[in-house]
Amino acid sequence: MLEGFNQNVSTFAADVDRAFWITTGISIAMFILVAGLMVLFIVRYHHSRVEPGEIRNIRDHLGLEIAWTVIPTILLFVIFYYGYTSFRDLRTMPGDAFTVDVLGKRWSWTFTYPNGKQTAELYVPVGKNIKLIMGAPDGDVLHSFFVPAFRVKEDVVPGRKTHIWFNATKPGRYDIECAEYCGLSHSKMLSKVEVMQAADFDAWYASDKLSPHDTAAPKSQGEMLYKTLGCVSCHSLDGSIIVGPSFAGLFGKEVTVTTGGKTRRTVVDDAYLERAIRAPGADVAEGFPDGVMPDLSGQIDAEQLKALVTFIKEQNGSGGGAAPETAPHGETAPAATPTPEPAAPKEASAAPDGATLFNTKGCGACHSLDGSKKLGPTLKGLYGSTLTVVTDGKNREVTADEAYLRSSVETPNADIVEGFAPGLMPPFGKMLSAEEIEALVTYMKELK
């Protein structure tokens, strides 16, 4: 979770580190001096070593008084100088900076570029001054934008604009974290800043792709909104449960909701979806927490709302979803089964990348890369480790070799790691190609 933290990846990272180590060094030295003198005096002047006649009442000592006044003052000015100069560089915004707007909300980041492009990860060119203008929706909570590798951190406050800047000196992918506890899924409010070569950034910036790693532009405005508004962090497209209901097969489904404190049954139609997006607390789906999803009214217009609803309907397997039919006597009949359209021929593409698949298939929602526990086991150090799993109701020990990793991706519920719940991870053997599964296995092997 701290990629690049041990490197000077921004132009002022070295200055920030210097100020930190000088302050820390002076503090440690003063602690040792004061604590050491205390121990010395305790031992040297213990009552067992000193006779009452040897005790003197010292009223003053000009030399000591000058020393303990002048020396701390000098050290304070040293700390102030290095702290102020690094802080001044951090807060002095360059006039030629490339500006990106940052929206932080529970629990995702959205980045908007000058040309209108929106992404869930931040992409910047190497060696370019980047200015971030940050805010959160009204009614949201306090967040804090933190890039450890750049040594930048700034609060993101609802109803107020804050800003930071940086100039990245080394290409790579670095962590973005929320450094302010912001609620239920605070630990999942993660993203990446990818520092690219200038030519690669310019090519991506001029394209229609959401990510430089995408093979094509989003098929619809709804798909783009799903990926950039943070929906992907809570709602899956494959039936698995993350934080909120999955969009797979949601349209036309009869669900139980709590409305005004009362439980009722309703059908997921267009009106329900629009209300769920603009007033998510009006009807809370059974089994899911209230107050988690933010009100998106101030972030999307009517056209974008319809595009997002259409995208959700498309997750039923047809181009627009089948509207629920109303049966006699006011009962709701099951939605018509959509007829799947013939699959378009696949175009040849580059070999799949495991890291990209991990980020785009939602693996990060349940599996960490830093050893921390989420809904599923961490992938750090997983390869080669010994695990206790439950297979057909019986415990057994297995070694996480290539065969195990491959099986855990294809049929994750065959062997459930002890301490974790079954049924959360979908069977990716039906969703990924053999090449993609092998890429994921290779990626997991590299996570030492």
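**Figure 1. A salt bridge in helix H1 of the predicted model pairs Arg18 with Asp15.** Welcome to the first close-up, where the closest N and O atoms of Arg18 and Asp15 lie 2.8 Å apart. The two residues are separated by about one helical turn because they sit 3 residues apart in helix H1. Arg18 counts as partly exposed because its relative accessibility is 40%. Asp15 is partly exposed too, with a relative accessible area of 25%.

**Figure 2. Helix H1 covers residues 13–44.** Take a step back from the salt bridge to see the whole helix. Its 32 residues reach 46 Å from the first C-alpha to the last, close to the 46 Å expected at 1.5 Å a residue. Which residues of H1 are buried? They are Ala13, Asp17, Ala19 and Ile26. The cover over the buried residues of H1 includes helix H2, residues 62–91.

**Figure 3. Arg106 and Asp140 form a salt bridge between two loops.** Here the side chains meet at 3.9 Å, N to O. The pair links distant parts of the chain, with the two positions 34 residues apart in numbering. Arg106 belongs to the loop between strand S1 (98–105) and strand S2 (108–112), while Asp140 belongs to the loop between strand S5 (129–135) and strand S6 (143–147). Are these charged partners buried or exposed? Both Arg106 and Asp140 are buried.

**Figure 4. Glu121 and Arg173 are joined by a salt bridge.** The N to O distance in this view is 3.1 Å. Again the pair links distant parts of the chain, the two residues being 52 residues apart. Glu121 lies in the loop between strand S3 (118–119) and strand S4 (122–125), and Arg173 lies in strand S9, residues 172–178. Glu121 counts as buried because its relative accessibility is 15%, under the 20% cut-off. Arg173, with a relative accessible area of 25%, is partly exposed. For a wider tour of charged contacts, look also at Glu402, Arg406, Glu438 and Lys445, which are joined into one network by salt bridges that share partners. A search of the whole structure finds 16 salt bridges.

**Figure 5. Five strands make an open sheet with mixed pairing.** Reading across the sheet, the order is S3-S2-S1-S5-S8. S3 and strand S8 (162–167) stand at the edges with a single partner strand each, so one side of each has no neighbour in the sheet. S2 and S3 run antiparallel and are joined by 2 bridges. In this pairing, Phe111 stands opposite Thr119 in S3.

**Figure 6. Thr99 is a residue of strand S1.** Thr99 counts as partly exposed because its relative accessibility is 30%. Leaving aside neighbours within four places in sequence, Thr99 is in contact with Pro114, Lys131 and Ile133. It is also worth finding Tyr113 in this view: Thr99 and Tyr113 are 14 residues apart in sequence, and their C-alpha atoms are 7.2 Å apart in space.

**Figure 7. Leu122 belongs to the largest nonpolar core.** This core has 42 residues. Which of them touch the most other members? They are Leu122, Leu132, Phe145, Phe150 and Phe166. With neighbours within four places in sequence set aside, the contacts of Leu122 include Leu132 and Phe166. Val100, Phe111, Tyr113, Ile176 and Val193 are also among the contacts of Leu122, as are Lys192 and Glu194.

**Figure 8. Strands S14 and S15 form a hairpin.** S14 covers residues 386–391 and S15 covers residues 394–399. The two strands pair in the antiparallel sense over 6 bridges. Leu387 stands opposite Val398 in S15, and the bridge partner of Thr388 in S15 is Glu397. The turn has 2 residues between the strands, and Asp392 within it has a positive phi of about 55°. The hairpin is part of an open sheet of 3 strands in the order S15-S14-S16, with antiparallel pairing. S15 and strand S16 (416–417) are the edge strands, each pairing on one side only.

**Figure 9. Confidence stays under 50 over residues 318–349.** Please read this last view with the pLDDT in mind. For residues 318–349, the model has 26 contacts beyond four places in sequence. Over the chain as a whole, the mean pLDDT is 83, and 88% of residues reach 70 or more.

Terms used
Residues numbered from 1 in each chain as written. Predicted model: local features only at pLDDT ≥ 70, side-chain atom pairs only at ≥ 80, totals over all residues. Heavy atoms only, no water. Helix = DSSP H or I, 4+ residues; strand = E, 2+ residues; numbered from the N terminus. Expected span 1.5 Å × (residues − 1). Buried < 20%, exposed > 50% of the residue type's maximum accessible area, 1.4 Å probe, protein only. Contact = heavy atoms within 4.5 Å. pLDDT = per-residue confidence, 0-100. Pairing = 2+ DSSP bridges. Core = buried A, V, L, I, M, F, W, Y, C linked by side-chain atoms within 4.5 Å. Salt bridge = Lys/Arg side-chain N within 4 Å of Asp/Glu carboxyl O.
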